[in-house]
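Trainee: Could you take me through one part of this model in detail? I would like to look closely at the aromatic rings and the core around them.

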Amino acid sequence: MELSTTVSELRYALDTFFFLMSGALVMWMAAGFAMLEAGLVRSKNTTEILTKNICLYAIACTTYLVVGYNIMYVDNGSGGFLPSIGTLIGTQAEGADHSLESDFFFQVVFVATAMSVVSGAVAERMKLWSFLIFSAILTAFIYPMEGYWTWGGGFLSEAGFSDFAGSGIVHMAGASAALAGVLLLGARKGKYGKKGQIYPIPGSNMPLATLGTFILWFGWFGFNGGSQLMVSDFENATAVGQIFLNTNAAAAAGAITALFVCKSTWGKADLTMVLNGALAGLVAITADPLSPSPLAAVSVGAVAGALVVFSIVGFDKIKIDDPVGAISVHGVCGFFGLMVVPLSNSDATFGAQLLGAVVIFAWVFGASLAVWAVLKATVGIRVTEEEELEGMDVHDCGIDAYPEFVSVK
């Protein structure tokens with residue numbers, strides 16, 4: 001066997017393994033979302049939110065395998081708008097740097113991440129089965145369409161839109177779908193008063209929420225690092241190291257800034273805002289974790305950490321009830337991340353970034369709003385007032401998350 005062939009096979013094996021391990025890290029983010037959301041909802045809704053998280057992951061893996069990946073990547077024309085429609089993941093391209101199966105696995109966990117954003121925003125009052133039906137539609141069709149326009153080589157890619165690991169394609173898309181659902185769903189009972197009062201509804205478990213944030217922070221190294229796609233040569237290996245550094249720096253800066261904003265505004269260190277500050281920094285840097293210098297990455301994270309606090313407060317003032325702050329973290333900070341890419345990446349332009357952000361939001365929000373509306377008119381999307389009062393664990397799942405602390409009637 002020639003030396004060049006041996007080296008080529010070793011690089012193929014290494015890059016495939018890198019893809020698989022990065023995908024495994026991103027899959028672990030599903031646990032992070034589950035723990036974060038379980039901590040930020042009330043105890044009477046904990047089992048139900050956990051059920052949503054594991055089921056949406058399973059649904060995403062199935063629908064994206066059957067049709068979603070094909071829509072996004074297989075046999076599509078460059079610069080196009082309408083994808084080809086087929087099933088499964090196609091065949092291995094000759095001379096590929098990694099296995100097709102590893103590429104699918106890495107992509108499918110991103111789809112599940114986008115859907116996970118939705119679950120927290122609509123928590124505590126949405127019907128379980130309506131949510132799961134929407135999960136299937138978003139992961140099979142809505143997400144793959146905008147994925148083709150961007151990462152799949154469609155018209156936004158040709159226009160110069162740049163989103164390295166998915167600030168817009170994954171996170172803002174998930175937030176757009178969530179916003180559409182929240183607008184049709186309405187706020188939780190007792191969240192807002194008739195005269196504009198805002199009543200806090202504390203989460204049930206701050207240790208779980210904190211654990212979930214750390215898991216997400218950890219998984220993000222696969223999210224951003226794996227998006228380099230290769231690690232088998234000097235240039236790519238160095239790039240992955242830079243991505244890890246910038247990702248971590250932005251998250252840390254986001255948490256610190258959120259802490260100081262809370263202290264200066266309310267005189268308290270609000271843990272939930274600090275957690276969202278870290279996540280905001282992660283979302284913002286995801287659009288381009290490679291090009292910025294470390295100090296620039298700190299700046300991106302810091303601005304996102306402040307922005308998310310004011311965004312969460314702002315949405316509350318206009319009575320958009322988001323129990324976990326997902327729309328602010330993933331939507332507002334995802335948009336911010338997209339728009340600052342040209343500051344450090346000379347290949348990106350503000351015009352192309354704005355075009356991509358507007359198209360992604362318009363498509364995902366519009367399509368999601370239509371799906372939510374159909375569900376609302378048919379099977380319904382909101383639980384009854386009695387079910388909401390007693391908690392969705394009893395009515396949807398029949399299992400209490402903390403049975404020893406629940407009074408038996």
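**Aromatic rings and the core**

Mentor: Let's start with a charge over a ring: Lys52 lies over the face of Phe131, with 5.1 Å to the ring centre. Please keep in mind that this is a predicted model.

Now for the rings themselves. Searching the whole structure gives 18 aromatic pairs. One of them joins Tyr69 and Phe104 in an edge-to-face arrangement, with 5.8 Å from centre to centre and 75 degrees between the planes. This pair links distant parts of the chain, since Tyr69 belongs to helix α2 (residues 46-73) and Phe104 to helix α3 (residues 100-121), 35 residues apart. Both Tyr69 and Phe104 are buried.

Stay with helix α3 for another pair, Phe106 and Phe110. Their ring centres are 4.8 Å apart and their planes meet at 50 degrees; an angle from 30 to 60 degrees is neither stacked nor edge-to-face, so this pair is tilted. Because Phe106 and Phe110 are four residues apart in helix α3, about one helical turn separates them. Phe106 has 2% relative accessibility, so it counts as buried. Phe110 is buried too, its relative accessible area being 2%. Follow these two rings outward and you meet a wider group: Phe106 and Phe110 form one aromatic cluster with Phe19, Trp151, Trp220 and Phe223.

Next, the packing. The largest nonpolar core has 108 residues, and Phe134 and Tyr143 are those with the most contacts inside it. Helix α3 gives the most to this core, with 13 residues. Tyr143 is a good place to pause in your viewer. Leaving aside residues up to four places away in sequence, Tyr143 touches Met72, Phe110, Val111, Ala114, Leu138, Trp151, Ile169 and Val170. Two of these neighbours, Phe110 and Trp151, are also members of the aromatic cluster. A second, separate core has five residues, including Ala38, Val41, Ala123 and Leu208.

To place all this in the chain, the UniProt record (an unreviewed entry) gives residues 18-402 as "domain: Ammonium transporter AmtB-like". Over residues 18-402 the chain is 70% helix and 0% strand, with the end C-alpha atoms 39 Å apart. One helix to finish with is α8 (residues 234-266): its 33 residues reach 48 Å from the first C-alpha to the last, close to the 48 Å expected at 1.5 Å a residue. Just after α8 comes Gly267, where phi is positive, at about 80 degrees.

Methods. Residues are numbered from 1 along each chain as its sequence is written. This is a predicted model: local features need pLDDT of at least 70, side-chain atom pairs count only at pLDDT 80 or more; totals for chains, interfaces and linings use all residues. Side-chain values use heavy atoms; hydrogens and water are left out. Helices (H or I, at least four residues) and strands (E, at least two) are DSSP runs, numbered from the N terminus. The expected span of a helix is 1.5 Å times one less than its number of residues. Rings of Phe, Tyr and Trp (its six-membered ring) pair if their centres lie within 6.5 Å; planes under 30 degrees apart count as stacked, over 60 as edge-to-face and the rest as tilted. Buried means under 20% relative accessible area, exposed over 50%, partly exposed in between (1.4 Å probe, protein chains only). A charge sits over a ring if NZ of Lys or CZ of Arg is within 6 Å of the ring centre and within 35 degrees of the ring normal. UniProt positions are given in the numbering used here, feature names are shortened, and annotations may be inferred rather than shown by experiment. A nonpolar core is a set of buried Ala, Val, Leu, Ile, Met, Phe, Trp, Tyr and Cys residues joined through side-chain atoms within 4.5 Å. Contact means heavy atoms within 4.5 Å.
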